[in-house]
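Here is a briefing on one protein model, written for a reader who wants the criteria stated beside the results.

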Amino acid sequence: MLPYIAPNDLVIYKPIKSNRFNWKKGSIVVANHPLQSETKMIKRIYNVNSLGVDIRGDNEPFSNDSRQFGLVNNENILGIVKCIISFD
């Protein structure tokens, strides 16, 4: 998520309990990686449709996101980022 989120930034997110949350384009979310169950990702919502959520990183040339693994199910999205604290 460079340049918006740097490697040592602290990210605080609000967990989402319902898989019927009204996702908004541009929101930053924490999600389980659909192919690597132990990996969490921080991505921006690019698009939402009935098949799932298209999430992408801000640093598109280097991001591993929906362009590689496809749409993410609502159940894989853990929450919405509420605060980012930078330690620069």
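The points below cover the nonpolar cores and then the salt bridges. This is a predicted model, in which local features need pLDDT of at least 70 and side-chain atom pairs count only at pLDDT 80 or more, while totals for chains, interfaces and linings use all residues. Residues are numbered from 1 along each chain as its sequence is written, and side-chain values use heavy atoms, with hydrogens and water left out.

**Nonpolar cores**

- The largest nonpolar core (buried Ala, Val, Leu, Ile, Met, Phe, Trp, Tyr and Cys residues joined through side-chain atoms within 4.5 Å) has twelve residues, among them Trp23, Met41, Phe69 and Ile80.
- At least two residues of this core come from each of β2 (28-32), β3 (40-49), β4 (52-56) and β5 (77-85), strands being DSSP runs of E with at least two residues, numbered from the N terminus.
- A second, separate core of five residues includes Met1, Ile5, Ile28 and Val30.

**Salt bridges**

- Four salt bridges are counted, each requiring a side-chain nitrogen of Lys or Arg within 4 Å of a carboxyl oxygen of Asp or Glu.
- Arg44 pairs with Asp58, with the closest N and O atoms 2.8 Å apart; Arg44 lies in strand β3 and Asp58 in the loop between β4 and α1 (66-69), so the pair ties together parts that are 14 residues apart in sequence.
- Asp65 and Arg67 also meet in a salt bridge (2.8 Å, N to O), and together with Glu60 they are linked in a network of salt bridges.
- Asp65 is buried at 0% relative accessible area, whereas Arg67 is partly exposed at 36%, where buried means under 20%, exposed over 50% and partly exposed in between (1.4 Å probe, protein chains only).

Note on methods
Helices (H or I, at least four residues) and strands (E, at least two) are DSSP runs, numbered from the N terminus.
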